[in-house]
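Ready to practise reading a protein model? Keep the sequence and the 3D view open while you work through the exercises.

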Amino acid sequence: MQNIRNFVIIAHIDHGKSTLADRFLELTGTIEKRKMREQFLDSMELERERGITIKMQPVRMNYQLSTINYQLNLIDTPGHVDFAYEVSRALAAVEGAILLVDGTQGVEAQTISVLDMARELKLKIVPVVNKIDLAGARVEKTEEEIQKILNVGTEEILKVSGKTGEGVEELLKEVVERVPAPSGNVESPRRALIFDFDYSAHQGVIAYIRVFDGIFKKGDEVKLVRSGIKFTIQEIGVFKPNRSQAAELQAGEIGYIATNIKNPSEVRVGDTLTSVLNPAPALGGYHEPQSVVWTSVYPLKEDDFSDFKKAILRLHLSDTSFSYEEESSSVLGRGMRLGFLGMLHLEIVLERLEREFGMKVVAASPTVAYEISMKNGETKFIFAPSEFPNDHDILSVKERWADCRLIVPSEYLSPSLKLIQSREGSVLSTDIFGENRILIQAEMPLRELMRDFFDELKSSTSGYASFSYKPGDLREADVARLDILVHGSIVPAFSRVVSRSRIERESKDAVEKLYSILPRELFAMKLQAQSLGRIIASRTLPALKKDVTGYLYGGDRTRKMKLWSKQKKGKKRLKEFGRVQIPHEVFIKMIRRN
Ligand code: GTP
């Protein structure tokens, strides 16, 4: 165990985590040179396309330093604020963290938040300035910023280029020197923390584990402490980074077990694995992730519900941070209400549902939760805008706020403050942070945050701002429900809850957006927005013109007239009976940023 080092890399998005991991993989010979490709650990198609890490990926490397063979277990984690929960789980499985800061960007807001989590878990932090090969790197300034958030001398801060490899070997040596070996006892009753999952059709749930005490082997009779489920370990192994069978996993090691459990909902991240005969007490688990935004999702075809549910459960195995609950709507049929950690998270989950499971869905407008006191004395929590009561039945509404941290260059301070104000937020403090940068602490309704706040912040600061937040307390909200009608009937999936001051704007925007994306029918359709008992915006989508006379050329006009009048009659009938079919893409586009 003395020769094991378990660590993660903490970094803001694009600061070079995956690239640095590539160098580690090369340097330790974990991946053969000819098989190496950029950002090796981002194996999901969506990750490679978007250039971001979504899911954590553990890897074991062997590294020799002055005649000692070390086993290094690195867990590559995502950098985006929505995936902080994924990071927090990885942190609980390791003893150390490389704090990687892009020398051309400096310390970002999200880095500070993750660093706070790492310190709470008492991880050893190894601070590093990255991208020193770039002419624009402000190495000294970045060092100063690191010193501001971490009480260290400059001599402790390493400088590397993940791209050229400069300083990377030195960094690996320092990780071995500074990160403590795991503690734990091979002789004690065995126990391991489940920190992530995967699923294989024939092996069932694959649990990612960090062993804290004892030894696990194939064939062991084990159980999950919290859920009480018992099973036999079918296979045990390590990540190279592909799963590779091993004889056993000892205290201090990171690897996986195949459980043969076919029902995904029986296994939970944060549970403790121990033996049936000689059980050990549970390890400290995780905080349950707190969803901040919800949407109801239905299969496009109602008969697909059981496949849809299966897909959700399977997806949940590889991403336990979204919540789900069955739901049924009179109009849309049976579906699931899903809770997410942010809008990017929501987008990614819906996209994975379609790509990995071929599920076409109807997704309702996302919403935060509201606590509503009704005039009849009842109090309820609302997670779907279509359930939001009528204005005249409501006594008061409460919503969750967010505590925010922003870092912006000084020249963008003023637009940033304006933006916060325009989102009903208030600024608590502004402090100078490093060279020409300001750290802003603010609070704002989560509802406003989920409304593309971050995108707008980016565009009003030329991309220089960074941002992180955590859910705060519940406060009074001045909101009302807004419904969208297509051809005279409310489409529940398009309903939303909006600030009263924005009813007019949102109504117009929603109608315009729908106008531009809804395919035309053979009849004209009214698109309307309605709130507080009246129509606020309206537009008519013209009928699709079908040229019924196209095949007639020249000749007698009366024949054309005849066909036109026939078409007119047909259209009238369609208008009366026409039920509008709204395609899957329209639902997805309606909840997306433009
Ligand atoms: P997420 O996984 O999305 O959090 O990003 P990441 O932190 O893994 O960043 P990634 O490794 O994908 O690198 C982001 C970009 O920076 C890529 O275009 C890299 O090629 C580039 N990059 C990373 N390290 C260096 C470096 O040391 N020097 C230079 N010049 N570019 C680098």
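Below are five exercises on this predicted model, each with a worked solution.

**Exercise 1. Confidence**

Task: Find out how many of the residues score at least 70 in pLDDT, and where pLDDT stays under 50.

Solution:
- Step 1: Start with the whole protein, which averages a pLDDT of 86. A share of 89% of the residues scores at least 70.
- Step 2: Now look for a weak stretch. Over residues 573-578, pLDDT stays under 50. For this stretch the model has eight contacts beyond four places in sequence.

**Exercise 2. An open sheet**

Task: Work out the strand order of the eight-stranded open sheet, and say which strands lie at its edges.

Solution:
- Step 1: Recall that strands of a sheet pair through backbone hydrogen bonds, either parallel or antiparallel.
- Step 2: Trace the order, which reads β11-β10-β16-β7-β8-β15-β12-β13, with antiparallel pairing.
- Step 3: Pick out the edge strands. They are β11 (230-232) and β13 (243-245), and each pairs on one side only.
- Step 4: Add the twist, which averages 40° from one strand to the next.

**Exercise 3. Around β7 and β8**

Task: Describe how β7 and β8 are joined, and identify the residues that stand opposite A192.

Solution:
- Step 1: Go from β7 to β8. The two form a hairpin, with three residues between them, and their antiparallel pairing runs over nine bridges.
- Step 2: Find A192. In β8, V211 stands opposite A192.
- Step 3: Turn to β16 (residues 272-275), which pairs with β7 (residues 191-200) in the antiparallel sense over three bridges. Here L273 stands opposite A192.
- Step 4: Move on to β15 (residues 254-258), which makes five bridges with β8, again antiparallel. Y208 has Y256 in β15 as its bridge partner.
- Step 5: Check how covered β8 is: nine of its 10 residues are buried.
- Step 6: Look for the helix lying across β7 and β8 (204-213). This is α7 (residues 305-318), and α7 runs at about 135° to β7.

**Exercise 4. Two packed helices**

Task: Describe the packing of α12 and α14, and name the residues that meet.

Solution:
- Step 1: Two packed helices are described by the angle between their axes and the distance between the axes.
- Step 2: For α12 (residues 503-517) and α14 (residues 584-591), the angle is about 145° and the axes are 10 Å apart. The crossing is right-handed.
- Step 3: List the contacts. From α12 come A510, K513, L514 and I517, which meet V586, K589 and M590 of α14.
- Step 4: Sort them by class. The contact has five nonpolar residues, two charged ones and no polar ones.

**Exercise 5. Unusual backbone spots**

Task: Locate the cis peptide bond at P241, then decide whether S66 is buried or exposed.

Solution:
- Step 1: Most residues other than glycine have a negative phi, and most peptide bonds are trans.
- Step 2: The cis bond joins K240 and P241, with omega about -5°. P241 sits in the loop between β12 (235-239) and β13.
- Step 3: S66 is not a glycine, yet its phi is positive, about 35°. S66 lies in the loop between β2 (57-65) and β3 (68-76).
- Step 4: Exposed means over 50% relative accessible area. S66 counts as exposed because its relative accessibility is 60%.
- Step 5: Compare H487, also not a glycine, with a positive phi of about 55°. H487 belongs to the loop between β27 (479-486) and β28 (489-490), and its relative accessible area of 22% makes H487 partly exposed.

Note on methods
Residues numbered from 1 in each chain as written. Predicted model: local features only at pLDDT ≥ 70, side-chain atom pairs only at ≥ 80, totals over all residues. Heavy atoms only, no water. Axes fitted to C-alpha atoms, helices over the stretch in contact; angles between N-to-C directions. Helix = DSSP H or I, 4+ residues; strand = E, 2+ residues; numbered from the N terminus. Left-handed = near helix turned anticlockwise from the far one by under 90°. Contact = heavy atoms within 4.5 Å. Nonpolar A, V, L, I, M, F, W, Y, C, P; charged D, E, K, R; others polar. Pairing = 2+ DSSP bridges. pLDDT = per-residue confidence, 0-100. Buried < 20%, exposed > 50% of the residue type's maximum accessible area, 1.4 Å probe, protein only.
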